[in-house]
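Welcome, and thanks for taking a look at this one. Please open the sequence beside the 3D view, and we will walk through it together.

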Amino acid sequence: MRRAAGVPAGEHVNAVIPDGRPQVDTRVAIGAARTIVVKVGSSSLTTAAGGLDAARLDALVDALAARAETGSNVVLVSSGAIAAGLAPLGLRRRPRDLPTQQAAASVGQQQLAARYADSFSRHGLKVGQVLLTTDDVVRRAHYRNAQRTFARLLHFGVVPVVNENDTVATTEIRFGDNDRLAALVAHLVGADALVLLSDVDALYTGDPRLPDSTAIAEITDPAQLTGIAMDSGSELGTGGMVSKVTAAMIATGAGIPVLLADAAQATTALAGGPGPQNGLQPGPQIGTVFAPALRRTSARLFWLRHAASSSGALALDAGAVAAVTARRKSLLPAGITAVRGDFESGDVVDLLGPEGAVVARGIVGHDAAELPAIIGRHLADLPMEQRREVVHADDLVVVRHPARRGKAPA
């Protein structure tokens, strides 16, 4: 393939985007990322008994510090608070009930934060603890405030250490696992790459313990994931391979390349960084990389798709579904068949197809109380003060395209 204009000699290019810009090799992009989010799981930081493993934590910090020294901004999303609290509380295994989990998190989070602060101080780096619940990404004002906080921490050269606020989070407002949290944080901070570190060295074609399973070097299309068996996670953690792949799909859908690798190979996984000494050579050939989508999702639409909570739903007829999903048109009253829930103008609502499945989400422009009187009617037949879209095209994101079978990856 002929080199596209503006591509330096030696740069690896997978393809040329339709507008003429080159698509850089995924491993190159991760190696040159200016801002990188790294997620590490509980099983990679703790002993089998549940206590923190100081040697493994220090090794991770050494790798993160080395990447920071290249000039990259590093954000760490770390599990381990609950696991770190097991031994001090005399618990043999991760508790199943929420109150005991929260008690373990309260004890363990303090130990985890102090240990990170001590370890990063060996490299002259300061850390800032950031504890999040889904409210902090679901509520738009909280989301924007979190963006500003992260930006300020990075401005001061601080390494943010992020975790879910397990001490106060309830079942209803939990992320569920830190893989999804890491993907949301990656978009929130405008990251150029996401690295998921765990006790598995790659995504395999089957159970990695079986001899006929092979590691997958790169996922360039979600269709490659069809038929791949994935485990359910380790005893100390909550996120198995399913959650990691889901997180990768969230991030790549927003234009962020992802590397899944073994935490024991953190130094290799995080090698690189922006700088003339590295050039634009491919990153280490370890783990599995997930290629990003060609266009980065705006913060507003990303929040709408992956973070915002729905306050209600609007049922659409087939014509309206085609208009908002295939033609990306605004939703008008004529295409609505039913209103569900109690919401106000400015809330997020799900848009349902005739079969009841969610096909899109959007920010509604009418209160629920006023919609029953106008649904099914054309704008020209309505009073002037009601002649507006129910959901404007700019405030709408497609969740599933009706022409495709099954649900699109999140």
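Here is a short tour, from the whole chain down to single residues.

The structure you see is a predicted model. Its chain holds 11 helices and 15 strands, and two of the sheets built from those strands are described below.

**The chain as a whole**

- Of the 410 residues in the chain, 48% are buried.
- Counting contacts with a separation of 6 or more, 73% link residues that are 24 or more positions apart.
- About 18600 Å² of the chain is exposed, and carbon and sulfur atoms supply 51% of that area.

**The sheet of eight strands**

- Eight strands make an open sheet with mixed pairing, and their order is S5-S6-S4-S3-S7-S9-S10-S8.
- Strand S5 (127–132) and strand S8 (218–219) each have a single partner strand, so one side of each is left without a neighbour in the sheet.
- At one edge, S5 runs parallel to S6, and 6 bridges join the two. Gln-129 has Val-161 in S6 as its bridge partner.
- The side chains of S5 alternate: Gly-128, Val-130 and Leu-132 point to one face and are buried, whereas Val-127, Gln-129 and Leu-131 point to the other face and are not buried.
- At the other edge, S8 pairs with strand S10 (residues 288–290) in the parallel sense, over 2 bridges. Here Ile-219 is found opposite Phe-290 of S10.

**Helix H4**

- Helix H4 (residues 98–121) lies across strand S3 (35–40), strand S4 (73–78), S5 and strand S6 (159–164), and it runs at about 150° to S5.
- From first C-alpha to last, the 24 residues of H4 reach 34 Å, close to the 34 Å expected at 1.5 Å a residue.
- Where should you look for a kink in H4? A kink of about 30° is centred on Gly-108, and Gly-108 is also one of the buried residues of H4.
- Other residues buried in H4 include Gln-101, Ala-104, Leu-112, Tyr-116 and Phe-120.
- The cover over the buried residues of H4 includes S3, helix H2 (54–69), S4, helix H3 (81–86), S5 and S6.

**Helix H8**

- Helix H8 (residues 241–253) lies across S3, strand S7 (193–198), strand S9 (258–262) and S10, running at about 155° to S9.
- H8 is mostly covered, with 10 of its 13 residues buried. Among them are Met-241, Lys-244, Val-245, Met-249 and Ile-250.
- The end C-alpha atoms of H8 are 18 Å apart, which agrees with the 18 Å that its 13 residues should span at 1.5 Å a residue.
- Just after H8 comes Gly-255, with a positive phi of about 85°.

**The sheet of five strands**

- Five strands form an open sheet in the order S12-S11-S13-S14-S15, again with mixed pairing.
- Its edge strands are strand S12 (336–341) and strand S15 (391–398), each pairing on one side only.
- On average, and with direction ignored, neighbouring strands of this sheet are turned by 30° against each other.
- Helix H11 (residues 318–325) packs on the sheet and touches S11, strand S14 (358–364) and S15, while its direction makes about 110° with that of S11.
- Strand S11 (residues 312–316) and strand S13 (residues 348–352) run parallel, joined by 3 bridges. Within this pair, Ala-315 has Leu-352 in S13 as its bridge partner.

**Two loop residues to find**

- Arg-328 lies in the loop between H11 and S12. Is Arg-328 buried or exposed? Its relative accessible area is 53%, over the 50% cut-off, so Arg-328 counts as exposed.
- Arg-328 also has a positive phi of about 55°, although it is not a glycine. Most residues other than glycine have a negative phi.
- Leu-379 sits in the loop between S14 and S15. With a relative accessible area of 26%, Leu-379 is partly exposed.
- Which residues does Leu-379 touch, not counting residues up to four places away in sequence? They are Leu-332, Pro-333, Gln-386, Arg-387 and Arg-388.
- Leu-379 and Glu-389 are 10 residues apart in sequence, and their C-alpha atoms are 8.4 Å apart in space.

Technical notes. Residues numbered from 1 in each chain as written. Predicted model: local features only at pLDDT ≥ 70, side-chain atom pairs only at ≥ 80, totals over all residues. Heavy atoms only, no water. Pairing = 2+ DSSP bridges. Helix = DSSP H or I, 4+ residues; strand = E, 2+ residues; numbered from the N terminus. Axes fitted to C-alpha atoms, helices over the stretch in contact; angles between N-to-C directions. Contact = heavy atoms within 4.5 Å. Buried < 20%, exposed > 50% of the residue type's maximum accessible area, 1.4 Å probe, protein only. Expected span 1.5 Å × (residues − 1). Bend = angle between axes of the 7 residues up to and from the residue. Areas by Shrake-Rupley, 256 points an atom, 1.4 Å probe, with all protein chains shown as cover.
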